[in-house]
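Please open the structure in your viewer and keep a selection panel at hand. The tour below moves from one selection to the next and says what is to be found at each stop.

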Amino acid sequence: MIKSSRSVQYSSSPLLASKTPIWRSQLIVGFIAAGFLGLVARAAYVQVIDNAFFKRQGTVRFVRNLELPANRGRILDRNGHILASSVPVPSIWASPEDIERDPVKLKSLSKLLDMSPAELEKKLKDEDKNFVWIKRQVDESVAKQIEALNIKGVYARKEYKRIYPEGEAVAHVVGFTNVENLGQEGVELTFNKDLGGKSGSRRVIKDRLGRVVEDVGEMVPPLDGRDLQLSIDSKVQYFAYEKIKETVIANKAAAGSVVVLDVQTGEILALTNYPSYAPGKRGSLSGAQLRNRALTDTFEPGSTMKPLVIGLALEKGIVKPETMIQTAPGRLQMGSATITDSHPHGMLSVNEVIQKSSNVGTVKIAMQMQPQDMWEIFTQMGLGQKPQVPFPGAVSGKVRAYKTWRPIEQATMSYGYGLSTSLFQLAQAYSVFAHDGELLPVSLIKLQQPAAGARVLSSKNAAAVLNMLHMVAGPGGTAVKAQTMGYSVGGKTGTAHKVEGKGYAGKKYRGFFVGIAPIENPRIVVAVMVDEPTNGLYFGGDVAAPVFSQTVQQTLRLMGVQPDMAVKPQVFTQVEKESF
């Protein structure tokens with residue numbers, strides 16, 4: 001039998017039996033109350049009285065402003081075909097402080113992103129960061145494979161990527177954007193503000209893993225950029241690009257350019273250069289590829305200046321189309337300089353001076369005029385003036401002040417030496433002959449209503465020069481190869497030595513041709529330049545005129561212009577070479 005333990009008599013304990021002073025209990029309760037009141041006071045201070053600091057700290061740690069990117073506006077051609085548009089694509093980012101550093105998974109990630117493990121580690125090395133881009137604008141398939149790896153701390157975010165369906169054919173017109181969707185070249189740069197729109201924002205609270213917990217305040221929606229419709233016809237642009245590319249390659253040239261203007265409206269239908277580049281693939285671009293040569297490169301325009309001088313002489317009443325000029329013996333002495341023709345012509349009418357491209361005949365007419373008069377018509381036609389087109393880098397060329405001209409300089413300027421111009425400026429100048437003597441403002445944007453032109457020549461004299469240009473492409477002219485199947489054409493060849501440094505560069509030439517079609521009712525001006533052809537031919541009538549012919553035929557057909565002459569062009573065995 002187990003005996004129960006003896007019961008404890010608490011009252012017999014001297015410690016428990018002694019009485020505790022009341023003040024001790026009160027002191028303890030007081031301390032507890034004071035602590036509680038301190039906590040209440042501190043909470044009140046933090047939550048009510050001076051909460052700004054703690055709110056800031058909370059905001060810094062957990063509140064984020066998320067940018068809601070605006071959709072960049074499209075760039076369209078005159079017929080509504082897309083030249084540039086934006087598509088949503090995933091971009092990969094990470095939170096280094098939270099990332100799962102599994103060597104196998106990270107190696108797979110670097111392989112998917114086409115970077116070395118060392119490159120990936122460099123991006124993720126700062127473990128104090130909670131955001132870093134790993135790679136932007138990746139393919140959707142790549143993003144899905146990365147998601148399947150299920151790496152903690154690696155995420156995808158939607159961005160917009162620019163695509164260019166027409167590729168290198170329109171690259172120098174459209175330009176391109178950078179990874180931030182900001183314009184860097186061409187129309188993308190010039191109209192960046194209109195195309196870019198305005199980003200929106202969303203204020204949110206995120207947890208430490210970067211997940212959105214809740215929205216704070218109202219969301220500001222993005223304002224998408226507006227679409228931009230150009231005057232460019234993508235079909236004309238593509239055709240002109242292909243033809244100048246073929247010509248540059250066939251003639252082993254350094255480069256080439258084509259400009260097509262609608263002379264009834266002043267709209268630019270095509271502006272293309274070769275070499276070019278693919279706007280969406282810019283990994284190894286060179287300056288030569290980026291240059292919009294038709295606008296940025298200047299050169300001495302050679303014989304293409306002669307119609308401008310003859311037009312002025314007609315306007316001043318100095319000559320008439322049928323006035324005879326003695327050009328024998330094919331050379332003209334001016335001081336210590338000798339001006340020559342390619343071969344002697346004897347007596348030529350003013351019409352034939354242009355048809356045969358006689359330097360001697362042109363100089364004899366030019367020297368009957370004042371330098372100021374020549375300078376004025378050059379500038380009225382846009383030479384020496386910066387083109388009013390929205391392109392970065394468009395140059396003004398050079399026409400020196402007439403007060404500084406010496407007689408020999410006035411003479412050489414009459415046939416295109418001693419001044420400089422761009423191919424685009426030449427095309428605009430020739431639109432005067434095609435538009436009844438008026439210079440129309442040019443436009444890269446599709447127009448609803450053409451702007452008014454400025455009178456440069458009378459209608460009668462503009463028509464007279466137009467007839468001379470028609471003769472250049474006819475029997476005995478220097479540009480038989482400019483003839484176009486089904487359409488009457490006219491124009492002027494030009495061949496000029498290249499200037500390098502302070503002098504001319506040996507046997508380096510530029511060949512060009514500027515022409516108009518159809519002659520009876522002009523619709524377009526086409527200017528073609530081939531830079532440094534080295535495969536035997538270098539005259540403008542040989543290398544540039546054929547590109548003009550093909551471009552005119554295709555452009556007028558696309559514009560719905562009916563043929564105005566026999567389908568088959570005339571063929572001549574004897575072709576004049578221009579003097580230069």
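Select R136 and W133 to begin: in this predicted model, R136 lies over the face of W133, at 4.5 Å from the ring centre. Keep W133 on display and add W93, F131 and Y155, since ring pairs link these four residues into a cluster. With W93 now in view, bring in R157 as well, whose charged end sits over the ring of W93, 5.9 Å from its centre.

Staying with aromatic side chains, note that the structure holds twelve aromatic pairs. One of them is formed by Y538 and F539, whose ring centres are 4.9 Å apart and whose planes make an angle of 20°, so the pair is stacked, the limit for that being under 30 degrees. The two partners fall into separate accessibility classes: Y538 is partly exposed, with a relative accessibility of 24%, whereas F539, at 16%, counts as buried.

Next, select N251, which is placed in the loop between helix 10 (234-250) and strand 9 (255-262). Which residues does N251 touch, leaving aside those up to four places away in sequence? The contacts are with P533, T534, N535, L537 and V543. N251 itself counts as buried, at 12% relative accessibility.

Move to M529, a residue of strand 19 (residues 524-531). Is M529 buried or exposed? Its relative accessibility is 2%, and M529 therefore counts as buried. Display S257 together with M529: although their positions lie 272 residues apart along the chain, their C-alpha atoms are separated by 5.3 Å. Apart from residues up to four places away in sequence, M529 touches I244, A255, G256, S257, F299, L423, R510, G511 and F512.

For a pair of helices, colour helix 4 (residues 103-112) and helix 6 (residues 140-149), which pack with their axes 10 Å apart and at an angle of about 180°. The two helices are therefore roughly antiparallel to each other. To see where they meet, show the side chains of K105, S108, L109 and L112 in helix 4, and those of V142, Q145, I146 and L149 in helix 6. As background to such a pattern, an α-helix has 3.6 residues a turn, so residues three or four places apart point the same way.

Then go to helix 16 (residues 371-380), where the buried residues are P371, D373, M374, I377, F378 and T379. What covers these buried residues of helix 16? The cover includes helix 13 (306-316), helix 15 and helix 17 (407-414). Just past this stop, select G382, which follows helix 16 and has a positive phi, near 100°.

The next stops concern the backbone. Most residues other than glycine have a negative phi, and most peptide bonds are trans. With that in mind, look at S357, a residue other than glycine whose phi is positive, near 60°. S357 is found in the loop between helix 14 (350-356) and helix 15 (359-366), and its relative accessibility of 0% means that S357 counts as buried. D436 likewise has a positive phi near 60° and is not a glycine; its place is the loop between helix 18 (423-434) and strand 15 (438-439). D436 is partly exposed, with a relative accessible area of 42%.

Two peptide bonds deserve a selection of their own. The bond from Y274 to P275 is cis, with omega near 10°, and P275 is in the loop between strand 10 (268-274) and helix 11 (287-290). A517 and P518 are also joined by a cis peptide bond, for which omega is about -20°; P518 is in the loop between strand 18 (503-517) and strand 19.

Finally, zoom out to the whole chain, which contains 21 helices and 19 strands. Of its 580 residues, 48% are buried. Among contacts between residues at least 6 apart in sequence, 73% join residues at least 24 apart. A surface display would show the area that the chain exposes, about 28,600 Å², of which carbon and sulfur atoms supply 54%.

Notes: Residues numbered from 1 in each chain as written. Predicted model: local features only at pLDDT ≥ 70, side-chain atom pairs only at ≥ 80, totals over all residues. Heavy atoms only, no water. Helix = DSSP H or I, 4+ residues; strand = E, 2+ residues; numbered from the N terminus. Buried < 20%, exposed > 50% of the residue type's maximum accessible area, 1.4 Å probe, protein only. Contact = heavy atoms within 4.5 Å. Phe/Tyr/Trp six-rings, centres within 6.5 Å; stacked < 30°, edge-to-face > 60°. Lys NZ or Arg CZ within 6 Å of the ring centre and 35° of its normal. Areas by Shrake-Rupley, 256 points an atom, 1.4 Å probe, with all protein chains shown as cover. Axes fitted to C-alpha atoms, helices over the stretch in contact; angles between N-to-C directions. Parallel < 35°, antiparallel > 145°, perpendicular 65-115°, else oblique.
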